[in-house]
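Here are some notes to go with your first look at this one. Have the viewer open and follow along point by point.

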Amino acid sequence: MNPSSSVPRLVVAAPSSGSGKTTVATGLMAAFTARGLAVSPHKVGPDYIDPGYHALATGRAGRNLDAYLCGPELVGPLFLHGARGCDLAVVEGVMGLYDGAAGEGELASTAQVAKVLRAPVVLVVDASSQSRSVAALVHGFASWDPGVRIGGVILNKVGSDRHEALLREALDAAGVPVLGVLRRAPQVDTPSRHLGLVPVAERRGAAVQAVAAMAAQVEAGCDLQALAGLARGAGPLSCGEWEPPVVCGGTRPVVAVAGGAAFTFSYAEHAELLTAAGAEVVTFDPLRDERLPEGTAGLVIGGGFPEVYAGELSANEPLRRAVGELARSGAPVAAECAGLLYLCRELDGQPMCGVLDASARMSERLTLGYRDAVAVGDSVLAPSGTRMRGHEFHRTVVEPGAGAAPAWGVRAPERRVEGFVQRGVHASYLHTHWASEPGVARRFVERCRTS
């Protein structure tokens with residue numbers, strides 16, 4: 001049996017968003033790491049920002065487990081891939097424990113992932129405005145789905161010793177162990193803006209301090225020995241470990257991947273898939289680097305916050321020109337969300353790369369949700385008719401929203417086409433997880449070889 005199939009593991013969940021999951025999960029990761037354990041960090045759902053804090057806490061890549069984007073059947077294999085060689089895994093949930101994709105039942109919920117992983121759940125409860133009622137709340141969550149095992153509770157935002165005593169008394173009667181009590185600690189807070197927490201790459205020093213504060217709070221307030229014991233009670237998984245399919249032979253084209261503070265959104269498996277497909281993956285920073293990596297044959301520009309850095313991105317005119325020249329040469333370019341904005345003619349009036357005859361601007365409206373998509377025509381990523389699932393998360397608008405050759409036909413929330421396919425460029429608002437369709441990376445790298 002693969003040793004990773006029985007790696008001790010916990011799922012950190014909550015009744016709702018804002019209860020303190022990220023503080024507890026990140027603090028646990030850092031506290032266990034400080035004790036000399038190799039900790040595998042995971043996040044339920046499509047979130048890119050929390051995994052950055054997880055990576056800072058553990059020294060390992062933060063990985064996502066998304067049953068909507070990848071399918072429930074890949075959750076276990078992707079988990080085992082990330083947890084290989086680790087002593088313990090901590091999985092941070094998304095939203096409330098039973099919240100998932102709209103209208104899809106338990107699909108993509110933390111509860112579903114916990115069941116697939118056969119992992120005990122630690123419920124983080126914001127106890128700031130309740131006492132005895134906490135027992136009814138926890139009882140309801142513990143009994144709602146018999147397939148979900150609530151192994152204990154961590155009480156967050158507890159106000160005083162008296163408050164803690166009342167909460168413990170109520171939960172004793174409910175038969176649910178209290179595994180931790182955290183008092184209010186403003187120093188643990190991390191700043192947010194229009195799309196959530198500010199990424200680690202934008203506040204490295206402050207982020208290190210925040211993670212250290214989370215670890216100290218969890219170390220002081222939680223029974224780490226009991227939590228580790230609970231994690232060891234997770235059942236073995238019967239699935240195999242995910243591996244990126246390896247392509248043998250051929251040249252190794254350089255694929256430049258945008259990084260730095262403006263482009264922080266990327267799934268770790270994407271670079272692994274590109275490498276396995278035969279590419280030499282080189283990261284560059286569009287804020288700092290004035291030229292693309294030597295020998296660049298293809299370009300991947302993922303998500304992030306170009307709207308925050310529009311002035312600096314625009315000021316780097318040599319790189320904008322280099323990106324434009326590469327795209328006009330027919331080389332493969334894959335751009336998602338922030339990458340789409342960067343390829344536009346302008347963003348909030350600031351000149352961008354001018355690859356697409358489109359203009360981008362900030363908007364008051366948040367566009368958020370899972371999407372079912374089908375490739376409208378052939379592109380460097382997929383042949384016509386390829387079906388993939390994606391996720392949109394932005395407060396910007398691109399006009400027009402689609403080119404003469406759109407990237408995707410989207411079914412929900414309304415039927416529409418979106419994105420741009422022109423020569424070697426595929427640009428779209430949709431974030432996709434390439435592990436769900438490994439042919440994407442193989443096709444992209446092959447085009448890099450032949451373009």
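1. Let's start with a question: is glutamate 164 buried or exposed? Keep in mind that you're looking at a predicted model. The answer is that glutamate 164 counts as buried, because its relative accessible area is 18% and the cut-off for buried is under 20%. Its salt-bridge partner is arginine 183, with the closest N and O atoms 2.9 Å apart. Arginine 183 is partly exposed, at a relative accessible area of 31%.

2. Now zoom out a little from that pair. Glutamate 164 belongs to helix H6 (residues 161–174) and arginine 183 to strand S7 (residues 178–183), so the bridge ties together parts 19 residues apart in sequence. The pair also belongs to a network of salt bridges that links Asp161, Glu164, Arg168 and Arg183.

3. How many salt bridges are there in the count? The count comes to 22. In general, side chains of opposite charge can pair when their charged atoms come close. Have a look at arginine 35 and glutamate 219, whose closest N and O atoms are 2.8 Å apart. Arginine 35 sits in the loop between H1 and S2, while glutamate 219 is in helix H7 (residues 204–221), 184 residues apart. Glutamate 219 is partly exposed, with 36% relative accessibility.

4. Another bridge worth a click joins lysine 157 and aspartate 126, at 3.7 Å between the closest N and O atoms. Here the link runs between strand S6 (residues 150–158), which holds lysine 157, and strand S5 (residues 121–126), which holds aspartate 126; the two residues are 31 apart along the chain. Lysine 157 counts as partly exposed at 30% relative accessibility, and aspartate 126 counts as partly exposed at 24%.

5. On to a lysine with little exposure. Lysine 43, in strand S2 (residues 39–44), has 4% relative accessibility and so counts as buried. What does its side chain reach? The lysine 43 side chain gets to the backbone oxygen of glycine 93, at 2.7 Å. Beyond its sequence neighbours within four places, lysine 43 is in contact with several residues, including Asp50, Pro51 and His54.

6. Those three contacts bring you to helix H2 (residues 49–58), where Asp50, Pro51 and His54 are among the buried residues. The helix is mostly covered, with 7 of its 10 residues buried. Right after H2 comes glycine 59, which has a positive phi near 75°.

7. Next, the rings. The whole structure has 7 aromatic pairs. One of them is the stacked pair of tyrosine 48 and tyrosine 267, 4.6 Å centre to centre with 25° between the planes. Tyrosine 48 is in the loop between S2 and H2, and tyrosine 267 is in the loop between strand S10 (254–258) and helix H9 (268–276), so this pair ties together parts 219 residues apart in sequence. Both tyrosines are buried.

8. Phenylalanine 265 and phenylalanine 305 make an edge-to-face pair, at 5.4 Å centre to centre and 80° between the planes. Phenylalanine 265 lies in the loop between S10 and H9, and phenylalanine 305 in the loop between strand S12 (296–301) and helix H10 (310–315), so parts 40 residues apart in sequence are tied together. These two phenylalanines are buried as well. Ring pairs link Tyr48, Phe265, Tyr267 and Phe305 into a cluster. Elsewhere, arginine 389 lies over the face of tyrosine 68, at 4.0 Å from the ring centre.

9. What about the nonpolar cores? The largest has 110 residues, and those touching the most other members are Phe79, Leu97, Leu117, Leu155, Leu227, Leu274 and Phe444. Helix H1 (residues 21–34) gives this core its largest share, 7 residues. A separate second core of 40 residues includes Leu287, Leu326, Val355 and Ala360.

10. Finally, go out to arginine 365 in strand S16 (residues 359–375). Arginine 365 is exposed, with a relative accessible area of 59%. Its side chain makes a polar contact of 3.2 Å with that of threonine 367. Not counting residues up to four places away in sequence, arginine 365 touches His394 and Arg395. The C-alpha atoms of arginine 365 and histidine 394 are 8.4 Å apart, though 29 residues separate the two along the chain.

Definitions and conventions
Residues are numbered from 1 along each chain as its sequence is written. This is a predicted model: local features need pLDDT of at least 70, side-chain atom pairs count only at pLDDT 80 or more; totals for chains, interfaces and linings use all residues. Side-chain values use heavy atoms; hydrogens and water are left out. Helices (H or I, at least four residues) and strands (E, at least two) are DSSP runs, numbered from the N terminus. Buried means under 20% relative accessible area, exposed over 50%, partly exposed in between (1.4 Å probe, protein chains only). Contact means heavy atoms within 4.5 Å. A polar contact is a pair of N or O atoms within 3.5 Å; within protein, one must be able to donate a hydrogen and the other to accept it, and residues adjacent in sequence count only if both atoms are side-chain atoms. A nonpolar core is a set of buried Ala, Val, Leu, Ile, Met, Phe, Trp, Tyr and Cys residues joined through side-chain atoms within 4.5 Å. Rings of Phe, Tyr and Trp (its six-membered ring) pair if their centres lie within 6.5 Å; planes under 30 degrees apart count as stacked, over 60 as edge-to-face and the rest as tilted. A charge sits over a ring if NZ of Lys or CZ of Arg is within 6 Å of the ring centre and within 35 degrees of the ring normal. A salt bridge is a side-chain nitrogen of Lys or Arg within 4 Å of a carboxyl oxygen of Asp or Glu.
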